[in-house]
Amino acid sequence: MRLNDLKPDPGSRPKKFRKGRGIGSGKGRTATRGSKGQHHRNTVRVGFEGGQTPIQRRLPMKRGVGHGRTANAKIRINYAIVNLNQLAAFDAETPVTPDLLLQRRIVRNPEDPVKILGDGDLAHALTVRAHAFSRSAIEKIQAA
């Protein structure tokens with residue numbers, strides 16, 4: 001067998017059908033478009049809704065961040081949240097860092113900044129390093 005002997009399996013590559021090539025072809029005359037109407041003559045432009053005001057003209061211009069009242073909106077930061085009751089599992093002298101929380105699988109995504117919230121109590125003193133703290137968490141950590 002040589003490269004010039006290769007050919008597709010019979011029936012796997014059907015012959016392209018040519019519409020509008022005479023009445024004897026079975027798809028002549030109207031060429032599958034029907035007899036009258038807008039689509040019979042030619043195509044309709046993109047976005048045309050039959051004379052109704054199209055959606056791109058019905059909607060107001062300039063939407064989204066940066067226009068109008070949302071121009072000064074802050075971009076939300078998605079923090080990985082850790083509560084104080086989760087930190088209670090650590091030993092007394094262990095420095096708690098985002099890397100350690102990641103190793104213990106308390107925080108899942110290494111990209112997210114860590115925020116400590118004040119839900120729960122600390123029985124012993126801990127050194128905690130994180131990207132953000134809630135007020136109640138700061139008070140409880142300092143009290144411990």
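**R58, salt bridges and patches**

Trainee: Is R58 buried, partly exposed or exposed?
Mentor: Keep in mind that we're looking at a predicted model. Buried would need under 20% relative accessible area and exposed would need over 50%. R58 has a relative accessible area of 44%, so the label is partly exposed.

Trainee: Which helix holds R58?
Mentor: Look at the element covering residues 55–58. R58 sits in that stretch, which is helix α2.

Trainee: What distance separates the C-alpha atoms of R58 and K36?
Mentor: Along the chain, R58 and K36 are 22 residues apart. In space, the gap between their C-alpha atoms is 30 Å.

Trainee: Which residue forms a salt bridge with R58?
Mentor: A search of the whole structure turns up two salt bridges, so there isn't much to sift through. In the one with R58, the closest N and O atoms are 3.2 Å apart, inside the 4 Å cut-off. The partner has 30% relative accessibility and so counts as partly exposed. That partner is E49.

Trainee: And which residue meets D121 in a salt bridge?
Mentor: The N to O distance for this pair is 4.0 Å. The pair links distant parts of the chain, 19 residues apart, with D121 in the loop between β3 (114–117) and β4 (127–128) and its partner in helix α5 (residues 135–143). That partner is K140.

Trainee: Which label does D121 get, exposed or buried?
Mentor: Compare the two ends of that bridge. K140 has a relative accessible area of 29%, so K140 is partly exposed. D121 has 58%, and over 50% is what the label needs, so D121 is exposed.

Trainee: How many helices and strands are there in the protein?
Mentor: Reading along the sequence gives α-α-β-α-β-α-β-β-β-α. Put as a tally, that is five helices and five strands.

Trainee: What is the radius of gyration of the protein?
Mentor: For 144 residues the globule rule gives 15 Å, and the model is well over that, so the protein is more spread out than a compact globule. Along the principal axes, the C-alpha atoms fill a box of roughly 95 × 60 × 25 Å. Buried residues account for 18% of the 144. The radius of gyration itself is 34 Å.

Trainee: Which residues form the positive surface patch?
Mentor: Start from K15, which is in the segment before α1 (38–41). K15 has a relative accessible area of 80%, so K15 is exposed and clears the 30% needed for a patch. The full patch is K15, K16, R18, K19, R21 and R33.

Trainee: What is the area of the nonpolar surface patch made by M1, L3 and L6?
Mentor: L3 lies in the segment before α1. With a relative accessible area of 75%, L3 is exposed. Together with M1 and L6, L3 makes a patch of about 450 Å².

Trainee: Is A31 buried or exposed?
Mentor: A31 is found in the segment before α1. Its backbone stands out for a residue that is not a glycine, with a positive phi of about 55 degrees. Relative accessibility for A31 is 16%, and under 20% is the cut-off, so A31 is buried.

Trainee: What is the phi of R105?
Mentor: R105 lies in the loop between α4 (98–103) and β3. R105 is not a glycine, yet its phi is positive, at about 65 degrees.

Definitions and conventions
Residues are numbered from 1 along each chain as its sequence is written. This is a predicted model: local features need pLDDT of at least 70, side-chain atom pairs count only at pLDDT 80 or more; totals for chains, interfaces and linings use all residues. Side-chain values use heavy atoms; hydrogens and water are left out. Patches are made of residues with over 30% relative accessible area and no salt bridge: like charges are joined within 9 Å, nonpolar side chains (Val, Leu, Ile, Met, Phe, Trp, Tyr) within 5 Å. Accessible areas come from the Shrake-Rupley method with a 1.4 Å probe; for residues, only the protein chains shown count as cover. A salt bridge is a side-chain nitrogen of Lys or Arg within 4 Å of a carboxyl oxygen of Asp or Glu. Lys and Arg count as positive and Asp and Glu as negative; His and the chain ends are not counted. The place of a charge is taken as NZ of Lys, CZ of Arg, CG of Asp or CD of Glu. Helices (H or I, at least four residues) and strands (E, at least two) are DSSP runs, numbered from the N terminus. Buried means under 20% relative accessible area, exposed over 50%, partly exposed in between (1.4 Å probe, protein chains only). The radius of gyration is taken over C-alpha atoms; the globule rule is 2.2 Å times the number of residues to the power 0.38.
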